[in-house]
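Biologist: I should like to learn how individual features of a protein model are read. May we go through them one by one, with the general idea before each case?

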Amino acid sequence: MARRLARDSGGALDVTLVETNPVYTTCFMSNLYLGGLRSYESLEHGYGAIGAGVTVIHDTATAVDRERKSVTLAGGQSLTYDRLVLAPGIDFVEDAVPGWSLERHAEIMPHAYKAGPQTQLLKSMLEAMPQGGTFALVAPPDPYRCPPGPYERVSMIATLFKRTNPTAKILIIDPKEGFSKQTLFENAWLKYYDGMIDWIGPDFGGDLVEVRPETMELVIDGEVQKVDACNVIPAQVAGRIAAAAGVTDDSGWAPVAPESLRSKIDETVFVLGDSARQGDMPKSASAANSQAAVVVRAVRADLLGTEQRKADYANTCWSLLAPDDGVKVGGAYEATPEKIASVHHFISEAHEDAALRKATYEESIGWYDGITADIFG
């Protein structure tokens, strides 16, 4: 959003990007790192090439005063704005998984749902598991970042185990009745990892799980299960600065106008990406990038008087089931008075041939290269 706004305004607007980390590690493609199919360094991106017209400040926004139109940073600096865009991603609901606390237990049972050191920690735990050991993943309830993400993660961990620990077992503890691309994932688990992966849904206690990080145990519907490593992905809400700014509602997400991603609480604030409660679009990198273009047009219309054409949105989510076996889901969306609504949907077919699946995987690599160039320059 910042890069496009600076470029499209031709220097007429002062654009400041506040970002905590000098190096951004992408969540998208991080599962491939867990599976040993991608290096960690390939996920890292700096801000040195972000382009002219964007002032980058590496600090953390801690407060927003909407009356004074100012943002306070952890380092003490105060920034004023005419328009504010919030894109803070997700934070976790404390105590969403009984027995697990972000502050006390993320180093024992990592979430790895914000990429970076948590991703590396999870990878080291997987590599240290004993032969024939058991790995558990506690999946989150809806809505959450990247609906296929936990299940691609399991597929990539199974890829790693097939190579290094072929008698290992994987348990998925899931509070949901179903999940994104379920048939595609389950077919792949039978084909590539038969007998390795068990999915435990709510009918068998997936919604009644307690974790005991100190003893590396799970209690599933009253039964104690000892494991060797566990990935807890808790319930999620908008990144905390959205709540601090007062633009979230009781859902924990930020309600926005479908035609612009403008906050329904403050017309000078926009919220895009995972934090927005906008309707049918999934919380994905592709969706957020599409939303960014709409926000740019809205901000330019507000501040420069340019025309704001009708909003349209798109999304594609790729998942890797096994090496060279990629699938995708996506669609087109438009703004209605009530929400961003799905108008077209597609998903990979269950019985595609190997050449098409490989082409889909290669398409995802091209998308990654393209979107990271678009974001970081």
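Modeller: Let us begin with salt bridges, bearing in mind that this model is predicted. The general idea is that a side-chain nitrogen of Lys or Arg lies within 4 Å of a carboxyl oxygen of Asp or Glu. Here the side chains of Asp374 and Arg4 form such a bridge, with 2.6 Å from N to O.

Biologist: Where in the chain do Asp374 and Arg4 lie?

Modeller: Asp374 belongs to helix H9, while Arg4 belongs to helix H1, which covers residues 2–9. The two are 370 residues apart, and the pair thus links distant parts of the chain.

Biologist: Is Arg4 buried or exposed, and how should one decide?

Modeller: One compares the relative accessible area with fixed limits: under 20% is buried, over 50% is exposed, and values in between are partly exposed. Arg4 counts as buried because its relative accessibility is 15%. Asp374, with a relative accessible area of 25%, is partly exposed.

Biologist: How many salt bridges does the structure hold?

Modeller: There are 19 salt bridges in the structure. Another one joins the side chains of Arg83 and Asp302, at 2.7 Å from N to O. Arg83 sits in the loop between strand S7 (78–80) and strand S8 (84–86), and Asp302 sits in helix H8 (residues 285–304), so this pair ties together parts that are 219 residues apart in sequence. Arg83 is partly exposed at 26% relative accessibility, and Asp302 is partly exposed with a relative accessible area of 28%.

Biologist: Which residues are linked with Arg83 and Asp302 in a network of salt bridges?

Modeller: Arg262 is linked with Arg83 and Asp302 in that network.

Biologist: May I see one further salt bridge?

Modeller: The side chains of Asp280 and Lys339 meet at 2.9 Å, N to O. Asp280 is in the loop between strand S20 (276–277) and H8, whereas Lys339 is in the loop between strand S22 (325–335) and strand S23 (340–347). They are 59 residues apart, and this pair also links distant parts of the chain. Asp280 is partly exposed at 33% relative accessibility, and Lys339 is partly exposed with a relative accessible area of 33%.

Biologist: Let us turn to aromatic rings. How does one describe a pair of them?

Modeller: Two numbers are needed, the distance between the ring centres and the angle between the ring planes; planes under 30 degrees apart count as stacked, over 60 as edge-to-face and the rest as tilted. The structure holds 13 aromatic pairs. In one of them, the rings of Tyr24 and Phe376 have centres 5.8 Å apart and planes at 40 degrees, so the pair is tilted. Tyr24 lies in strand S2 (residues 23–25) and Phe376 in helix H9 (residues 354–376), 352 residues apart.

Biologist: Are Tyr24 and Phe376 buried or exposed?

Modeller: Tyr24 is partly exposed, at 31% relative accessibility. Phe376 is buried, with a relative accessible area of 4%.

Biologist: What is the geometry of the pair formed by Phe185 and Trp189?

Modeller: The ring centres of Phe185 and Trp189 are 6.0 Å apart and the planes are at 35 degrees, so this pair is tilted. Both residues lie in helix H6, four residues apart, which is about one turn of the helix. Phe185 is buried at 0% relative accessibility, and Trp189 is buried at 7%. Together with Tyr151, Phe179 and Trp199, they form one aromatic cluster.

Biologist: What should a student look for in the backbone?

Modeller: Most residues other than glycine have a negative phi, and most peptide bonds are trans. Here the peptide bond from Asp142 to Pro143 is cis, with omega near -10 degrees. Pro143 is placed in the loop between strand S10 (134–138) and helix H5 (149–164).

Biologist: Which residues have a positive phi without being glycine?

Modeller: Among them is Met216, with phi near 50 degrees. Met216 is in the loop between strand S13 (209–212) and strand S14 (217–220), and Met216 is buried at 15% relative accessibility. Asp221 has a positive phi of about 55 degrees and is found in the loop between S14 and strand S15 (223–226).

Biologist: Of which surface patch does Asp221 form part?

Modeller: Asp221 belongs to a negative patch, formed with Glu177, Asp203, Asp207 and Glu223. Asp221 is partly exposed, with a relative accessible area of 46%. Glu177 is exposed, at 61%, and lies in the loop between strand S11 (169–173) and helix H6 (182–192).

Definitions and conventions. Residues numbered from 1 in each chain as written. Predicted model: local features only at pLDDT ≥ 70, side-chain atom pairs only at ≥ 80, totals over all residues. Heavy atoms only, no water. Patch = residues over 30% accessible without salt bridge, like charges linked within 9 Å, V, L, I, M, F, W, Y side chains within 5 Å. Areas by Shrake-Rupley, 256 points an atom, 1.4 Å probe, with all protein chains shown as cover. Lys, Arg positive; Asp, Glu negative; His and termini not counted. Charge placed at Lys NZ, Arg CZ, Asp CG, Glu CD. Buried < 20%, exposed > 50% of the residue type's maximum accessible area, 1.4 Å probe, protein only. Phe/Tyr/Trp six-rings, centres within 6.5 Å; stacked < 30°, edge-to-face > 60°.
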